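Reader: I would like to go through this model before I use it. Can we take it one point at a time?

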Amino acid sequence: MEILSDTIGGLISTSGFSGMGITNIIMILLSFVLFYLAIVKKYEPLLMLPIAFGMLMTNLPFTELYHAELWNPATNPYFAPEYIEQGANVLVSFTKETSLDYGRVLHDGGLLDLLYLGVKLQIFPPLIFLGIGSMTDFGPLIANPKSFLLGAAAQGGIFFTFIGACVLNFLGADFSLKEAASIAIIGGADGPTAIYLTSKLAPQLLGSIAVAAYSYMALVPVIQPPIMKLLTTEKERSVKMGQLREVSQVEKVVFPIAVTVIVSLIVPSAASLVGMLMLGNLLKESGVCDRLVKTAQNELMNIVTIFLGVTVGATAVADNFLSWKTLFIIALGLIAFCIGTACGVLLGKLMYLISGRKINPLIGSAGVSAVPMAARVSQKVGQETNPSNFLLMHAMGPNVAGVIGSAVAAGVLLSVLGG
């Protein structure tokens, strides 16, 4: 009887119920909210659902799937030799912290720790961009190069918010410049880019920023229209734009190669994202890699999406997620997104005047890189004003330019702050 009692007691003490605390319960309930948003509301379900499941698993006690302490340099550094030359002598110092102890991660890490290597080592986000590139048509952008300006203007939300966050930082706010940059990138409405930048600059905020970024991407049809209508007149919204010229295959093949070279030379830090985006597009437009294109669009994209979502969700542990910074991320992320939309529309208004009222400023709102949702919102708002208005293809130019723009913005921030 005593043996049976000890066995039952041992089972109870090692079960997750014995380790369940109030913070675990709160995080599990939050994961249920994300399940609701993904399944019922269909808010970016392809990534929101894996994120919610990763959040659920990492906050169940004793599962040992993800260990946040393994990814914190303050608690898990290793020291590598630093060689210093002084004349003919070479001194060896062991005081330079160089990186996380990936050997310990491989030895002691759980399933989600191992999968998280794909995020930490910058593998998953560029592969997502490869898939996006293989599904993207840059024809509208090539046909109307001025769209690049609108895509660039919409990244203003990132930099204005970053500057504002820096001001708050100098006034005594308890967050670093790297954290400010990671929050500001939400304004680009590009989930993979937000994950890429945050994993380098502020990995402790990855879960919160990913949830905010994908939530705002899903809410594009709700957030953007009021801003677009506030900043434009009915006359401006009713402008009909002429048909775009036809783009040759030669142009479509040269474009990704040229963009890769130019962006990589100007902002080398953006090369991995932009390069993989353009590789995917080149595979598509070349017309000779059908098997690779299908793999990039389907199998590879789906596998990486699952791994990326689950591991990003796993970083949302209570210590990092349940803090005032999460509320700060939600608020500043929304501000960044709204400013980005406004910057695109305002430049659209300027181009409307310069072009002799031939450009509908609504297409400027599509400069955020939520493809193709932002372009559809431009089309919808324009058609509400003028039922014969068809802005979708015109809006796709700034929309795909925004994908490039957000990656370049991330590269600029990495160059300035270091990754």
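What follows is a set of questions on the model, each with an answer.

Reader: What is the mean pLDDT of the chain?
Author: This is a predicted model, and pLDDT is the predictor's confidence in each residue. Of the residues in the chain, 89% reach 70 or more. The mean pLDDT is 87.

Reader: Over which residues is the pLDDT below 50?
Author: One stretch falls below 50, although in the model it has 33 contacts beyond near neighbours in sequence. Where pLDDT is low, the predicted coordinates should not be read in detail. The stretch is residues 77-98.

Reader: How far apart are the end C-alpha atoms of helix α19?
Author: Helix α19 covers residues 299-314, which is 16 residues. At 1.5 Å a residue, the helix should span 22 Å. The distance in the model agrees with that: 23 Å.

Reader: Which helices are included in what covers the buried residues of α19?
Author: The buried residues of α19 include M301, V304, T305 and L308. G309, V310, T311, V312, G313 and A314 are buried too. The cover over these buried residues includes α4, α6, α7, α12, α13 and α18.

Reader: Is S182 buried or exposed?
Author: S182 sits in helix α11, residues 177-184. Its contacts further along the sequence are L197, T198, L201, A202 and I209. The relative accessible area of S182 is 0%, and the cut-off is under 20%, so S182 is buried.

Reader: Which residue's backbone oxygen does the side chain of S182 reach?
Author: The distance is 3.0 Å. A polar contact needs N or O atoms within 3.5 Å. The backbone oxygen belongs to K178.

Reader: How far is the backbone oxygen of L231 from a polar atom of the side chain of K349?
Author: K349 is in helix α21, residues 324-354. Leaving out residues up to four places away in sequence, K349 touches L231, T232, E236 and P361. L231 also offers its backbone oxygen to a polar atom of the K349 side chain, at 3.0 Å.

Reader: What is the distance in space between A401 and L150, C-alpha to C-alpha?
Author: A401 belongs to helix α23, residues 392-417. A401 is buried, because its relative accessible area is 3%. Beyond four places in sequence, A401 touches L141, S147, F148 and G151. A401 and L150 are 251 residues apart in sequence, but in space they are 7.8 Å apart.

Reader: Which residues line the largest cavity?
Author: The count comes to 1 cavity of 30 Å³ or more. The largest cavity has a volume of about 30 Å³. Its lining is I132, T136, F138, L277, V371, V400 and V403.

Reader: What is omega for the cis peptide bond that joins V371 and P372?
Author: V371 is one of the residues that line the largest cavity. P372 lies in the loop between α21 and α22. The cis bond joining V371 and P372 has an omega of about -10°.

Reader: Near what value is the phi of F62?
Author: F62 is found in the loop between α4 and β1. F62 is a residue other than glycine, yet its phi is positive. The value is near 65°.

Reader: Near what value is the phi of A189?
Author: A189 lies in the loop between α11 and α12. At 1% relative accessibility, A189 counts as buried. Phi is positive here, in a residue other than glycine, and is near 55°.

How values were computed: Residues are numbered from 1 along each chain as its sequence is written. This is a predicted model: local features need pLDDT of at least 70, side-chain atom pairs count only at pLDDT 80 or more; totals for chains, interfaces and linings use all residues. Side-chain values use heavy atoms; hydrogens and water are left out. Helices (H or I, at least four residues) and strands (E, at least two) are DSSP runs, numbered from the N terminus. The expected span of a helix is 1.5 Å times one less than its number of residues. Buried means under 20% relative accessible area, exposed over 50%, partly exposed in between (1.4 Å probe, protein chains only). Contact means heavy atoms within 4.5 Å. pLDDT is the predictor's confidence in each residue, from 0 to 100. A polar contact is a pair of N or O atoms within 3.5 Å; within protein, one must be able to donate a hydrogen and the other to accept it, and residues adjacent in sequence count only if both atoms are side-chain atoms. On a 1 Å grid over the protein atoms alone, a cavity is a set of points where a 1.4 Å probe fits but cannot get out, and a pocket is an open set with protein on both sides within 12 Å along at least five of seven lines; lining residues have an atom within 4 Å of a point. Grid points are joined across faces, edges and corners, and a volume is the space filled by probe spheres set on the points.
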